[in-house]
Amino acid sequence: MLSLSLAGMMDDVTAHSGAVYLLRPDEPVLEMAVMAGLPRAFVAPWERVGLNAPVPVAEAVRERRLVWVDGEEDMARHYPRVFVVLPYPFALAAVPVATASTAYGAVFVTWPGTHSPDLSDRDREQLTTACDRLALRLERAGRESRPVRAEPDLLGTGPASSVAATLGTVEAARMVARLPYGLCSLDPHGRVRFVNAAAAKLLGVPARELRGTRLWLTLPWLTNPVYEDRYRAALLSQDVTSFVALRPPGDWLSFRLYPDTTGLSVRISRARAVSELQRTAPRPGEGPSRLVTISRLLSLAAALTEAVGVQDVVQLVADEIVPAVGGRALVVLGSRAGRLHVLGHRGYPDPRIVERFDGMLLASPTPGTRALNSGVPAFFGSQEELERSWPDRPTTSDGFEAWAYLPLIASGRPVGTCVLAYTEPRSFPADERAVLTSLGGLIAQALERALLYDAKHRLAHGLQAALLPHSLPPLPGIEAAARYLPATQGMEIGGDFYDLVPAQGVAAAVIGDVQGHNVPAAALMGQVRTAVRAYTTVGQGPAKVMRSTNRLLIDLGAELFASCLYLRLDPVRGRAVLARAGHPPPLLRRPDGEVRVLDLAGGPLLGIDASAAYPTTEVALAPGCVLALYTDGLIESPGVDIEDALAELGRRLADAGDLPLEELADLLVGESAAARERLDDVALLLLRTRECG
């Protein structure tokens with residue numbers, strides 16, 4: 001049923017290849033059931049296609065409409081993943097196989113690149129009607145419980161040669177044998193079916209050893225993927241293709257491939273001139289082979305997964321892509337509020353040339369805005385070509401001679417434009433355009449993630465800044481300095497907090513740590529800090545402040561716990577009263593440089609036990625004493641004993657404790673291994689007592 005339906009469709013619209021896909025009943029996947037006209041290897045990446053895949057057959061089923069691709073540029077623009085594998089001139093129509101209520105699959109058919117850019121109404125009607133009939137047959141098969149399975153692929157043999165029919169097979173073979181140039185015949189799979197003596201002599205292999213083989217697998221000097229690519233291009237586009245190859249040690253041979261639906265005839269002769277060789281043969285550095293291109297794409301895709309922010313993406317593209325494609329400069333453009341924005345650039349000797357476009361209206365007549373608005377790539381091989389296409393654009397003298405404008409499309413919408421600039425005029429052949437277009441798709445996905453990350457990063461830092469004190473209040477007899485560093489994992493926002501509160505002639509200081517490095521942790525941190533400040537303001541003592549805050553967390557029903565260290569400072573009396581809830585002990589440096597750990601009595605973490613008590617400890621503070629309050633992120637590091645880390649912090653405080661407090665804070669954070677790794681938030685609050693007068 002499937003083979004006959006497909007063959008009939010192809011015959012009705014004179015297509016030269018096609019396939020039928022069936023939708024699996026147990027998952028949203030289309031599976032190829034039969035292929036005709038071309039070897040299945042041509043479409044191997046799409047033998048199984050997810051319904052959400054960006055390919056024509058999947059789109060035809062999703063949208064229940066005929067999808068028409070009129071040629072290579074249309075394919076590159078709308079389906080770059082297909083184009084990078086098949087960068088050849090051919091037209092394609094994909095049609096859903098569906099009834100009004102049920103989708104059963106899809107059909108695609110292809111034509112040579114010489115096909116009209118429009119699909120005629122007649123061909124459109126023929127395909128739609130044939131697919132509707134096939135859907136009804138599949139519906140009937142389902143009702144009758146007749147399974148529909150994959151069928152053998154169709155590769156037609158075609159009519160007998162007119163020469164053979166006229167002269168007879170033997171005489172045709174004699175005629176071919178007398179010709180002075182090499183001839184061989186390849187089937188659609190690329191296997192040699194016939195080779196004359198002249199061809200065998202030119203190739204340097206006996207004819208019997210060539211029959212049944214593929215030339216690019218049998219002959220070591222034809223293993224460059226460029227040569228196999230010419231066979232694929234000829235068969236899919238049904239256009240004549242050619243190439244020149246070096247048979248060691250120094251014989252250059254010309255290959256010309258003449259395709260039809262039954263295979264290819266190949267004419268082999270000696271290359272006529274070195275100039276022709278240099279024009280057609282692949283040269284080192286001229287451009288990547290298909291294999292190298294795929295390697296670079298895979299390498300780039302892996303590298304792009306490591307890019308975090310927008311500037312990471314820009315730098316990676318500058319380091320990896322621009323040199324790989326022969327470019328010298330790069331601009332990445334985005335948009336915001338109807339205006340163009342330069343997200344980053346590299347390689348321009350004068351940055352002002354690029355930055356003048358920042359803030360330009362998206363309606364301005366430039367190739368960059370056009371690519372961003374339309375999602376269509378543009379390639380300009382010379383200054384004259386650019387000026388001819390965009391005579392009204394703002395002129396720039398940037399020293400470059402060719403440009404590629406790649407729209408960055410992610411999640412179905414443009415997120416930016418990548419502009420590659422070249423120092424020499426460039427032709428931008430079809431395969432290079434395919435590679436650049438595919439690279440644009442990879443860059444777009446990375447840029448979309450990076451833009452989202454940067455937005456979350458700004459939100460996180462804004463939220464963290466709003467929840468922590470903007471500055472510490474000046475207090476008589478007390479000098480203070482604080483530092484906060486978010487964890488480098490998660491959203492770079494966390495639950496560490498500190499505060500310094502004036503209270504009725506004395507001062508209260510608090511530092512704490514709520515579990516987590518996310519928005520809930522930051523939100524709870526804000527509630528705890530606000531509660532401590534409120535309880536301090538109404539005159540509660542350290543023990544009662546801790547009990548009240550503990551009950552608040554339990555009443556809020558928060559599933560997170562918090563550690564906390566609270567102290568009431570009286571610089572006039574030279575005393576401090578401290579209460580601790582599961583928090584690391586503070587360090588006290590005396591004026592003579594001695595540092596000791598204040599081993600305070602304490603209670604459990606806040607938010608665990610509503611009846612918990614928090615005993616207090618009173619400590620003498622002479623003028624010049626330094627109290628160091630910190631969270632565990634300053635001392636906890638994988639593989640380091642916490643006691644050793646605390647001792648090291650004490651040594652640094654002892655050695656540098658006489659520095660100005662701001663410098664001391666920078667030193668204690670900067671020399672901490674845990675703070676450099678930042679697996680956890682880091683908060684540090686330093687308090688130094690002074691003479692009160």
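A salt bridge is a side-chain nitrogen of Lys or Arg within 4 Å of a carboxyl oxygen of Asp or Glu. This is a predicted model, in which local features need pLDDT of at least 70 and side-chain atom pairs count only at pLDDT 80 or more, while totals for chains, interfaces and linings use all residues. Residues are numbered from 1 along each chain as its sequence is written, and side-chain values use heavy atoms, with hydrogens and water left out.

Q: Which residues are linked with Arg-24 and Asp-26 in a network of salt bridges?
A: Let's start with one pair: Asp-26 bridges to Arg-24, with the closest N and O atoms 2.9 Å apart. Arg-48 and Glu-27 also meet through their side chains, at 3.4 Å from N to O. The network that holds Arg-24 and Asp-26 also takes in Glu-27, Glu-31 and Arg-48.

Q: How many residues apart in sequence are the parts that Arg-48 and Glu-27 tie together?
A: The side chains of Arg-48 and Glu-27 form a salt bridge at 3.4 Å. Arg-48 sits in strand 3 (residues 48-50), whereas Glu-27 belongs to the loop between strand 1 (17-23) and strand 2 (29-36). Strands (E, at least two residues) and helices (H or I, at least four) are DSSP runs, numbered from the N terminus. The pair therefore joins parts whose separation in sequence is 21 residues.

Q: Is Asp-187 buried or exposed?
A: Asp-187 pairs with Arg-191 in a salt bridge of 3.2 Å, N to O. Buried means under 20% relative accessible area, exposed over 50% and partly exposed in between (1.4 Å probe, protein chains only). Arg-191 is partly exposed at 25%. With 9% relative accessibility, Asp-187 is buried.

Q: What is the relative accessibility of Phe-428?
A: Here is a residue with a backbone worth a look: Phe-428 is not a glycine, yet has a positive phi of about 50°. Most residues other than glycine have a negative phi. Phe-428 lies in the loop between strand 16 (413-422) and helix 18 (430-467). Phe-428 counts as buried, because its relative accessibility is 3%.

Q: What is the relative accessible area of Ala-337?
A: Ala-337, also not a glycine, has a positive phi of about 55°. Its place is the loop between strand 12 (329-336) and strand 13 (339-346). Ala-337 is exposed, and its relative accessible area is 79%.

Q: Is the peptide bond from Pro-248 to Pro-249 cis or trans?
A: Pro-249 is found in the loop between strand 9 (241-247) and strand 10 (251-260). Most peptide bonds are trans. With omega near 5°, the bond from Pro-248 to Pro-249 is cis.
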